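I opened this entry to look up how the nonpolar residues are grouped, how one pair of helices packs, and where one serine sits.

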Amino acid sequence: MENKDIVLVTGGTGFVAMQIIMQLLQKGFQVRTTVRNLKNKDKIIAVLKANDVTNLDNLSFVVTELTEDHNWEAALKGCKYVLSVASPVFFEKPKSESQAIRPAVEGILRVLKFANQEGVKRVVMTSNFGAVGFSQTDKTRQTTESDWTNPNMKGLSVYEKSKTLAEKAAWDYIKNSKTNLEFTTINAVAIMGPSLNEHITGSFMLLENLLNGKMKAVPNIPLNIVDVRDVADLHIRAMITPEANGQRFIASADGQISLPEIAILLKNKRPNIAEKVSSKILPNWIIKIGAIFNVQAKEGIVFLNMNRNISNTKAKNILSWKPIATQETTILSAVDSMIKYNLINKNI
């Protein structure tokens, strides 16, 4: 069934964005997506065709970037909805915090400014659980969308800090600007699941480091995982559900899973590629001592201390959402994608 509403999805080549584009097209929406280079158009179309998406006439492209105003007016003209998925990506470590934070903050504010100017009804921002629960250490209660990460907490990575400050800036814009723009955020935990092509997210590095044997001993750290298909579904539900306006939604499969449990899962379910996965568990005290000297260990302390008992009830209640994948099936489908696209370097 065709839908005349135009939806802009930013950053069309991304792992999450491509899944969203596919689901929107399957639901009959008119989809426009931003790319940094028009060469990416053919790449996206090829991936969608390979995944049996047929109504590609409903997909169009605009060349623009989060870091500049050029072409945003054209990108947003006539759009009813915007799914602001793209965020600045750094292939090398930023030289300073501001180099990472400023583009993230300015990028979402640019999207909101032009969306407001062009009369867009609603913007759904892809935020991150890093903006919600990284400083919530009270394990006597569940972490919910009412929690906010303290951007100045010790050990918080620049990435999580940038996500937190970008989302805060977006809510401030909505609150303080003269706008009728509706706004919602999706705050996803570690996103895995099947990839439509060789493009994956940073969360997959965790699996790669386990499979390549880089983790000589596995830290006993709990995690929350969500399938990329569930994240895409949540974006679309948040886009069209009237009650979603002004709300944040945690995107997570039910429960939690620890790194040692992931290691056991890989050994049991994918033994042919898991021969280098360590069976040793790294004691917490080693991470705590290491945190005195090492930035990565400081970030590890954050993961040890934070409350991983998180609630996805709000998304279920308001958006009638139900995750299609468990933590385990999400991890295994991510590994299967890594095998399919030759993304596991077994020689390391």
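I began with the largest nonpolar core of this predicted model, which has 81 residues, and I found that Val 9 and Leu 24 touch the most other members. I then looked up which element gives the most to this core, and it is helix H1 (residues 15-26), with nine residues.

I followed Leu 24 further, leaving aside its neighbours within four places in sequence, and listed its contacts as Val 7, Val 9, Phe 29, Val 31, Leu 83, Ile 236 and Met 239. I also noted a second, separate core of 27 residues, which includes Ile 101, Phe 114, Ala 166 and Ile 174. As background I wrote down that in soluble globular proteins nonpolar side chains tend to be buried together.

Next I turned to the helix pair H6 (residues 204-211) and H8 (residues 259-269), whose axes come within 11 Å and cross at roughly 65 degrees; the crossing is right-handed. From H6 the contact is made by Leu 206, Leu 207, Leu 210 and Leu 211, and from H8 by Leu 259, Ile 262, Ala 263 and Leu 266. Sorted by class, this contact has eight nonpolar residues, with no polar and no charged ones.

Last, I looked up Ser 252, which lies in the loop between strand S11 (248-251) and strand S12 (257-258). Is Ser 252 buried or exposed? Its relative accessible area is 1%, and because the cut-off for buried is under 20%, I recorded Ser 252 as buried. Beyond its neighbours within four places in sequence, Ser 252 is in contact with Val 189, Asn 224, Ile 225, Val 226, Ile 310, Asn 312 and Trp 321.

Key
Residues are numbered from 1 along each chain as its sequence is written. This is a predicted model: local features need pLDDT of at least 70, side-chain atom pairs count only at pLDDT 80 or more; totals for chains, interfaces and linings use all residues. Side-chain values use heavy atoms; hydrogens and water are left out. Axes are lines fitted to C-alpha atoms, for helices over the stretch in contact, and angles run from 0 to 180 degrees between N-to-C directions. Helices (H or I, at least four residues) and strands (E, at least two) are DSSP runs, numbered from the N terminus. A crossing is left-handed if the near helix is turned anticlockwise from the far one by less than a right angle, and right-handed if clockwise. Contact means heavy atoms within 4.5 Å. Ala, Val, Leu, Ile, Met, Phe, Trp, Tyr, Cys and Pro count as nonpolar, Asp, Glu, Lys and Arg as charged, and the others, Gly among them, as polar. A nonpolar core is a set of buried Ala, Val, Leu, Ile, Met, Phe, Trp, Tyr and Cys residues joined through side-chain atoms within 4.5 Å. Buried means under 20% relative accessible area, exposed over 50%, partly exposed in between (1.4 Å probe, protein chains only).
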